[in-house]
Amino acid sequence: MQSLTELCKRFFVDFASKKTDGTDMACFRRAVEQFCESGKKEDAFSVYFCYNEVFHLLGEGYENTKKLLELLADHEYHAGELLKKHRDHYSHSAYVFVLGLAIYAGDATYRRAFCRHYGFDEADKEEFLYLWGMTALFHDIGYPFQLAYEQVQSYTENVWGPKHPDSPYVTFGNLTAFWRIDPENAMYIRSALHTDAKFESINDLLAYGMDRKLGYSQELMRPLLEKRVKQQTEYMDHGYFSAVLLAKQMFEKSYRDFTKNILDVLTAILLHNSLNKYDLPKQQFPNAHPIDLEEHPLAHLLMLCDELQCWDREAFGMVSKRDLQPWKAAFEIKDNAIEARFWFERYKLDERDEADARSVTYIKDGKLAEDLASWLSRSPRIITDTAEQKKDKKVNSFASSDKFINLCDFAKAIHKSYTESCQQEKIQHLDEAFGELSLEMKISNIEQAKSYAQKLELINCFYSDKDLDYPIVYDFGENRDEETLKKRDDAGFLCREEHVRWVREKLAMGWRYGRSYITRNEDGTLFYDRKKRNELREHMDIVPYEQLSEEERLKDVAVVRHMVEVLREQGNIRIYRYRYGRKPNLEIAGVGHRNIHTDLERIKEQVKRILTEYQKNYRVIVRTCYAAGADQLIAECANELGITTKAVLPMEYEEYIEAVHKDAEKVGYRFDDKDELRMRHLLAQTAVCKTVEDARHTWMEAGKYVIGKCDKLIAIWDGLETKLYSSDGDPINRGGTYHCIHMARQRGLEDGKDIHIISCDR
């Protein structure tokens with residue numbers, strides 16, 4: 001079985017963009033992969049943002065749909081806790097979206113049915129991405145209407161008990177105006193759908209779509225749709241409101257890309273929740289039937305994914321919080337078959353827990369698969385099972401509360417502050433407004449906004465909109481560490497962290513170190529061709545922080561300097577300092593041989609296992625000398641886990657890179673231009689790149705420095721104890737792998753406990 005991350009990667013293999021910019025699609029792909037890895041609300045936001053920006057939904061992009069999406073998240077957070085049962089739908093919709101991508105990539109039966117139905121080529125994944133994205137990402141936007149209804153219902157049940165005959169209920173007024181389609185839009189819809197049907201209301205449009213797609217009578221469907229929201233004493237259908245809201249937003253924005261395919265999106269959303277499952281009276285709709293894959297592929301896939309996506313959903317309601325929910329899932333997706341495994345922290349322990357184990361039994365007893373088979377015709381064969389596993393402690397979860405932060409507005413404020421500061425400092429800088437930026441630059445600002453919580457945690461701080469009894473931070477000048485009574489440069493520390501974040505972001509987007517876009521003018525001044533830079537995806541600043549020019553460092557200073565005021569502008573959000581320390585630091589040294597002849601992936605797995613275990617209780621820092629082979633491999637593992645790395649070089653930066661070339665030639669291992677670029681990229685991701693020179697023993701002082709700083713040691717070693725003294729008693733082989741292990745042992749570090757040796761051949 002595979003994780004959702006692995007399955008989604010298959011969708012983007014051989015993805016060819018015909019209508020969208022390739023770089024924009026790369027941003028979208030990265031957002032999807034980030035969300036699959038984290039499941040976080042803020043990463044779900046990036047998926048929503050990129051989808052709208054890539055496909056310019058409703059004419060522009062995210063600005064035209066932001067309220068629909070953001071109000072869903074806000075209402076769930078603030079209103080969900082007033083209900084008995086309620087789980088997250090914001091991240092859930094992003095999960096439904098990526099699960100659909102995985103099924104499209106892995107299930108040839110569905111893929112062929114979709115392409116046959118809509119007349120697309122199987123290789124044209126972009127058309128599927130457009131229609132499915134609109135269907136999945138917007139299928140729950142009507143939930144605030146259901147929340148308002150259920151709040152009153154929950155209150156009256158708590159006071160008088162469930163289904164009390166005298167209990168009031170909520171109904172909605174002014175619906176005729178709410179549903180209305182103006183004559184201009186109605187005329188455009190008739191033309192787009194090639195019909196003479198009258199569309200005076202959104203209900204008319206939905207009823208027409210249900211008749212066209214499933215053969216349900218329009219005359220009977222119109223009053224049924226109206227009844228779903230008028231005088232409802234027991235239930236309010238968010239699926240209906242989601243379809244209506246999306247349609248209404250389209251007509252408000254004079255959407256001129258309406259087609260029969262978009263109508264399918266609306267009817268898929270209308271159908272996904274309960275209408276076709278439970279609410280078609282047989283006497284009125286004798287032809288009511290499970291939705292067939294061939295007749296409505298979008299509705300079929302939405303209902304399938306909506307039910308299968310039951311893991312990692314934040315519980316808001318009082319009963320939902322007690323219910324045992326799966327926290328992880330894996331899938332095997334093949335042609336017309338899906339195997340799904342869901343992990344729970346525990347199963348029912350005794351009879352008292354029976355009411356809290358409904359989700360366990362629903363999956364374990366096969367009821368989930370049975371329901372899907374009854375609701376969907378020609379659905380894939382579904383096999384589900386469950387497993388018990390303790391949930392790993394989250395290592396990237398922070399005290400800063402982002403529930404009240406609008407990431408889009410936050411990113412705009414960061415960009416505005418950054419631009420103004422650079423202009424004051426007379427720094428050359430792109431001075432476009434946020435809306436004029438490329439998607440890659442917009443996402444960069446958004447990622448910077450997301451990173452604030454993590455960066456503040458590293459200096460023992462967090463942000464909140466609450467008035468708390470913690471010291472407030474007004475600036476990031478020099479601060480005194482209350483534990484050590486030493487001064488510390490928080491501003492400088494944050495600048496380094498921001499540069500590392502930027503480097504990792506650039507590398508993930510396919511950039512590399514390079515200077516070929518820089519030429520010299522006739523007068524001797526340098527010319528920076530930014531257009532060529534962007535085309536080549538080269539950047540001279542993908543280097544360690546120490547190698548940046550003063551002008552470039554000032555950009556990071558500007559970001560840090562304005563952090564306090566930018567947060568305050570987002571709703572009087574303050575930065576506080578903890579009274580006591582965060583996770584304690586743990587420095588891990590990495591050493592090993594340059595020339596390794598063992599399966600490197602196996603070694604990487606072992607290194608990551610060690611680092612991950614320490615991450616649970618410490619803020620890990622990995623320090624190596626970045627020699628070819630083991631040093632770089634260990635640093636690479638740390639980067640992939642998001643761990644801070646520091647470098648100790650035995651000579652100056654460029655001189656050292658040249659020395660590695662010469663060493664490779666002398667010793668006989670490969671180190672070509674590609675390897676050099678990899679080394680530069682690894683060094684660019686270090687928070688500190690220090691030089692410790694020793695003219696006599698080139699590696700000895702660097703090795704001593706690394707070992708002298710470490711609390712633990714990871715050594716990739718062949719087990720041979722190299723001689724440390726010659727026959728004349730002179731020191732030899734200093735700074736090598738065994739010498740570093742020897743120095744660690746002399747410091748009192750113990751094998752197995754502090755020194756982790758990973759065996760290798762060379």
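Begin by selecting Ile-202, Asn-203, Leu-205 and Leu-206 in helix α11, together with the residues that they meet in helix α13, namely Tyr-240, Ala-243, Val-244, Ala-247, Lys-248 and Phe-251. Sorted by class, this contact of α11 with α13 has 8 nonpolar, 1 polar and 1 charged residues. The model on screen is a predicted one, which should be kept in mind at every stop.

Now widen the selection to the whole of both helices, residues 202-214 for α11 and residues 238-252 for α13, which pack at an angle of about 115° with their axes 10 Å apart. Angles of 65 to 115 degrees count as roughly perpendicular, and α11 and α13 are therefore described as roughly perpendicular to each other. Turn the view until one helix lies in front of the other, and the crossing of α11 and α13 can be followed as a right-handed one.

Next, move to helix α2 by selecting residues 22-38, a run of 17 residues that reaches 24 Å from its first C-alpha to its last, close to the 24 Å expected at 1.5 Å a residue. Just after this helix comes Gly-39, whose phi is positive, near 70°.

Which residues of α2 are buried? Colour Asp-24, Met-25, Cys-27, Phe-28, Ala-31, Val-32, Phe-35 and Cys-36, which are the buried residues of this helix. To see what covers them, display α1 (4-12), α3 (41-55), α5 (90-106), α7 (125-137) and α21 (439-458), which are included in that cover.

From this group, keep α3 on screen beside α2: the two helices pack at an angle of about 160°, with their axes 8 Å apart. Since an angle over 145 degrees counts as roughly antiparallel, α2 and α3 are therefore roughly antiparallel to each other, and their crossing is left-handed. On the α2 side, select Asp-24, Met-25, Cys-27, Phe-28, Ala-31, Val-32, Gln-34, Phe-35 and Ser-38, which meet Asp-43, Ala-44, Ser-46, Val-47, Cys-50, Tyr-51, Val-54 and Phe-55 in α3. By class, the contact of α2 with α3 has 12 nonpolar, 3 polar and 2 charged residues.

For the last stop, select Asp-124, which is found in the loop between α6 (108-118) and α7. Is Asp-124 buried or exposed? Its relative accessibility is 14%, so Asp-124 counts as buried. Finally, add Ala-16 to the selection and draw a distance between the two C-alpha atoms: Asp-124 and Ala-16 are 108 residues apart along the chain, while their C-alpha atoms are separated by 7.5 Å.

Key
Residues numbered from 1 in each chain as written. Predicted model: local features only at pLDDT ≥ 70, side-chain atom pairs only at ≥ 80, totals over all residues. Heavy atoms only, no water. Axes fitted to C-alpha atoms, helices over the stretch in contact; angles between N-to-C directions. Helix = DSSP H or I, 4+ residues; strand = E, 2+ residues; numbered from the N terminus. Parallel < 35°, antiparallel > 145°, perpendicular 65-115°, else oblique. Left-handed = near helix turned anticlockwise from the far one by under 90°. Contact = heavy atoms within 4.5 Å. Nonpolar A, V, L, I, M, F, W, Y, C, P; charged D, E, K, R; others polar. Expected span 1.5 Å × (residues − 1). Buried < 20%, exposed > 50% of the residue type's maximum accessible area, 1.4 Å probe, protein only.
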